[in-house]
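Trainee: Can we go through this model together? I'd like to start with the cysteines and then look at the pocket and the cores.

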Amino acid sequence: MALAKDVLQNKEEQLNFLKSTITSIPDYPIKGILFRDITSLCENPQAFNLTCDLIAEAFKDEHIDKVVSGEARGFVFGAPVATKLGAGFVMIRKPHKLPREIISESYTLEYGTNELQMHKDSIKPGERVLCLDDLLATGGTAVAMCRLVQREGGIIVKAAFVIDLVDLGGCAKIKEECGVDCFSLLDFPGH
């Protein structure tokens with residue numbers, strides 16, 4: 001079976017192919033939301049491989065030391081991209097999941113607050129870090145991830161996402177609050 005990257009030479013064709021593998025589900029999880037389901041992209045071997053290849057390609061010359069991703073869907077993309085870049089992989093988890101000494105960062109949700117944690121020794125000062133997650137919406141989770149890396153002295157090259165819901169302003173929030181630029185493979189309107 002030919003891989004999509006071998007058949008679709010044009011970058012626009014590749015991105016259109018990837019967009020076609022995202023399932024849009026109206027009124028989920030609540031009425032008025034158009035949910036972009038990335039699991040259908042992951043289920044397609046050509047789309048999943050192409051996604052990881054394109055993200056790794058975008059950062060191949062950035063000398064990335066660590067890829068940092070949040071649970072759980074961020075892990076799906078972070079680990080293979082780290083492997084392709086020859087970088088280490090750092091897991092950002094919800095509370096009480098990491099066994100060594102941790103640092104924590106709280107962030108605000110529409111309905112309250114949540115917290116992310118990272119092993120204190122995961123990032124060394126001066127390491128070049130790519131923060132990678134599956135989807136960017138309002139940016140709260142990504143800001144918390146960036147703050148954890150910055151507190152440990154990591155240099156964030158970019159915050160990268162498979163999908164950016166551009167109308168929700170997450171990229172601007174990350175830039176404003178953390179001074180970090182964003183990269184997204186696929187942009188979708190709305191929420």
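**Cysteines, pocket and cores**

Mentor: The structure holds 0 disulfides, a disulfide being a pair of cysteine sulfur atoms within 2.5 Å.

Trainee: What is the nearest cysteine sulfur to Cys146, and how far away is it?

Mentor: That of Cys131, 4.2 Å away, and Cys146 is in no disulfide. This is a predicted model, where local features need pLDDT of at least 70, side-chain atom pairs count only at pLDDT 80 or more, and totals for chains, interfaces and linings use all residues. Residues are numbered from 1 along each chain as its sequence is written, and side-chain values use heavy atoms, with hydrogens and water left out.

Trainee: Is Cys146 buried or exposed?

Mentor: Cys146 is buried, at a relative accessible area of 0%. Buried means under 20% relative accessible area, exposed over 50%, and partly exposed in between (1.4 Å probe, protein chains only).

Trainee: New topic. What volume does the largest pocket have?

Mentor: About 1300 Å³. On a 1 Å grid over the protein atoms alone, a pocket is an open set of points where a 1.4 Å probe fits, with protein on both sides within 12 Å along at least five of seven lines; lining residues have an atom within 4 Å of a point. The volume is the space filled by probe spheres set on the points, which are joined across faces, edges and corners.

Trainee: Which lining residues are closest to its centre?

Mentor: Arg73, Leu109, Leu135, Ala137 and Thr141, out of 38 that line the largest pocket.

Trainee: And the cores: how many residues has the largest nonpolar one?

Mentor: It has 29, and Leu18 and Leu85 have the most contacts inside it. A nonpolar core is a set of buried Ala, Val, Leu, Ile, Met, Phe, Trp, Tyr and Cys residues joined through side-chain atoms within 4.5 Å. Helix H4 (45-58) gives the largest share, 6 residues. Helices (H or I, at least four residues) and strands (E, at least two) are DSSP runs, numbered from the N terminus.

Trainee: What does Leu85 contact further along the sequence?

Mentor: Beyond four places in sequence, Leu85 is in contact with Ala56, Phe59, Lys60, Ile64, Val67 and Leu130. Contact means heavy atoms within 4.5 Å.

Trainee: Where is Val67, and is it buried or exposed?

Mentor: Val67 is in strand S3 and counts as buried, at 0% relative accessibility.

Trainee: What about Lys66, buried or exposed?

Mentor: Lys66 is in S3 and is buried, with a relative accessible area of 14%. Among the residues that Lys66 touches are Glu127 and Arg128.
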